[in-house]
Amino acid sequence: MALASLATLALAMGANYLAIVGVPFFEADMGWSRSAATSVYTATTLGAGVGGIVMGYYASRVGVRGALWVASGAIAVGCAILAMAESLAGMLAPAFLFIGMLGMGCGFAPLIANVTLWFDRNRGLAIAVVACGQTVAGGIWNVTFEPLVTEHGWRAVYVGYGLFAAAAIVPLSLVHSRPAPELARLSLAAKSGTPPDRTYPEINPNLLTILLGMAIVGCCVAMSMPVAQMVAYCATLGYGTATGAEITSLLLICSGVSRLGFGLVSDRIGGLNTILIGATLQAAALSLFTMFDSQQQLYLIAALFGLVFGGIVPAYGLPVREVFPAKDAQTRTGVVYFFGYIGMGGGGLIGGFVYDVTLNYPTAFAVGVAFNLANIALLLFIKGLARVRTPARPATA
């Protein structure tokens, strides 16, 4: 289940990285600014954030398999419409609605929430395995798309990717043919009148959800800056788009390795502690982009950045399951990751805007560090509030 979810997420996330690779090509073909060209990535990402809630709710009603069928068709349709667009609005609409909300929206949050319902041990590692689909996507698609876009143009690549992703996601969806074991157990307990075991937060559950959402915005703005802007950054430095794609792929491959390590750690020290450690290391690594910019240095810093940031976003799924009951998993997880997508999409856009204003990428990365520091402060606040208690079980004769 975890591996099939990983593969599905890797396929669904391809359009996100095509939008990243396409930034300098959109600029050249359409005559746009850097921030306008980056907004295609932002629209795709924000659409996926909304879709995490909408399609997470839909998946909880019809099942993950049915939601993935919708996703496969939406990605194909959205890519085809976007490929025919002649204006920015004509690209942003299908990127947000079809590719992002209905397509990628069935990926990250619903699949992570679903896999937590299949594990009662090593849940953090299971989340990390599924989340590696995002990094596998970045590691594969960046270096695949760049030469294809250079040779055939971004329009043809969008169409080809949409058809391929749709054809591959449908058979993978068949893995989700039966309900998750934990949902089946809860259904049986409800029929028998047995109260389910669970933990209760000492603060309002909705407040905790919003605070986690606000925290993930700060870390995702910071992490998305090098991810979303590296191809364009390397082109600006004269290293070429191919080098930027390679550096981005290296960054994401390293983050995939770290996700597994962070997953093991989170099973032992808890989700919030894992997030806090990762956020602190991420701020330190991101600051290096403000000081060094040779080609060799960018490769090394990108590898380091990937190794320290990879486990942060998946770890946000663990406190949700540590605090809230299984029936709320997909909705609560979708809400938290909705804020994360706002951060990821907004971070890329902020990076492009700061560059347009200053013509300087180190300044953009410095803004990312500031968001990261705010994220750390909020995490410390949450850690102080989110005390969790487990009700004592009644004595039995």
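**Exercise 1. Around a glutamine**

Leaving aside its neighbours within four places in sequence, which residues is glutamine 229 in contact with? Work this out on the predicted model, and then decide whether glutamine 229 is buried or exposed.

*Solution.* Start by finding the residue: glutamine 229 sits in helix α11, which covers residues 205–237. Next, list its partners. Once the neighbours within four places in sequence are set aside, glutamine 229 touches Arg34, Thr38, Ser224, Gly348, Gly351, Gly352 and Tyr361. Finally, check the surface: the relative accessible area of glutamine 229 is 1%. Buried means under 20%, so glutamine 229 is buried.

**Exercise 2. Hunting for salt bridges**

How many salt bridges does the model have, and which residues form them?

*Solution.* The test to apply is a side-chain nitrogen of Lys or Arg within 4 Å of a carboxyl oxygen of Asp or Glu. The count by this rule is three salt bridges. Let's take them in turn.

- Glutamate 27 pairs with arginine 34, at 2.5 Å from N to O. Arginine 34 has a relative accessibility of 9%, so this residue is buried.
- Arginine 155 pairs with glutamate 86, and their closest N and O atoms are 3.6 Å apart. This pair joins distant parts of the chain, 69 residues apart: arginine 155 belongs to helix α9 (residues 154–173), while glutamate 86 is in the loop between α5 (64–83) and α6 (88–103). Arginine 155 is partly exposed at 25%, and glutamate 86 is exposed at 63%.
- Aspartate 120 pairs with arginine 121, with closest N and O atoms 3.6 Å apart. Aspartate 120 is exposed at 66% relative accessibility, and arginine 121 is exposed too, at 61%.

**Exercise 3. Two helices side by side**

How do helices α1 and α7 pack, and why is α1 called roughly antiparallel to α7?

*Solution.* First, read the geometry: α1 (residues 2–12) and α7 (residues 108–116) pack at about 175°, and their axes are 10 Å apart. Second, use the cut-off: angles over 145 degrees count as roughly antiparallel, so α1 is roughly antiparallel to α7. Third, look at who does the touching. From α1 come Ala2, Ser5, Thr8 and Leu9, and from α7 come Phe108, Leu111 and Val115. Sorted by class, this contact holds five nonpolar residues, two polar ones and no charged ones.

**Exercise 4. Checking a helix's length**

What span should helix α18 have, and what is the distance between its end C-alpha atoms?

*Solution.* Helix α18 runs over residues 361–385, which makes 25 residues. Multiply 1.5 Å by one less than the number of residues, and the expected span is 36 Å. The end C-alpha atoms are 37 Å apart, which agrees. As an extra step, pick out the buried residues of α18: among them are Tyr361, Phe365, Asn372 and Ile382.

**Exercise 5. Positive phi**

What is the phi of asparagine 122 and of leucine 359, and where do these residues lie?

*Solution.* Begin with the background: most residues other than glycine have a negative phi. Asparagine 122 has a positive phi, near 55°. This asparagine is in the loop between α7 and α8 (123–152), and its relative accessible area of 43% makes it partly exposed. Leucine 359 also has a positive phi near 55°. That leucine lies in the loop between α17 (329–358) and α18, and is exposed at 62%.

Notes
Residues numbered from 1 in each chain as written. Predicted model: local features only at pLDDT ≥ 70, side-chain atom pairs only at ≥ 80, totals over all residues. Heavy atoms only, no water. Buried < 20%, exposed > 50% of the residue type's maximum accessible area, 1.4 Å probe, protein only. Helix = DSSP H or I, 4+ residues; strand = E, 2+ residues; numbered from the N terminus. Contact = heavy atoms within 4.5 Å. Axes fitted to C-alpha atoms, helices over the stretch in contact; angles between N-to-C directions. Parallel < 35°, antiparallel > 145°, perpendicular 65-115°, else oblique. Nonpolar A, V, L, I, M, F, W, Y, C, P; charged D, E, K, R; others polar.
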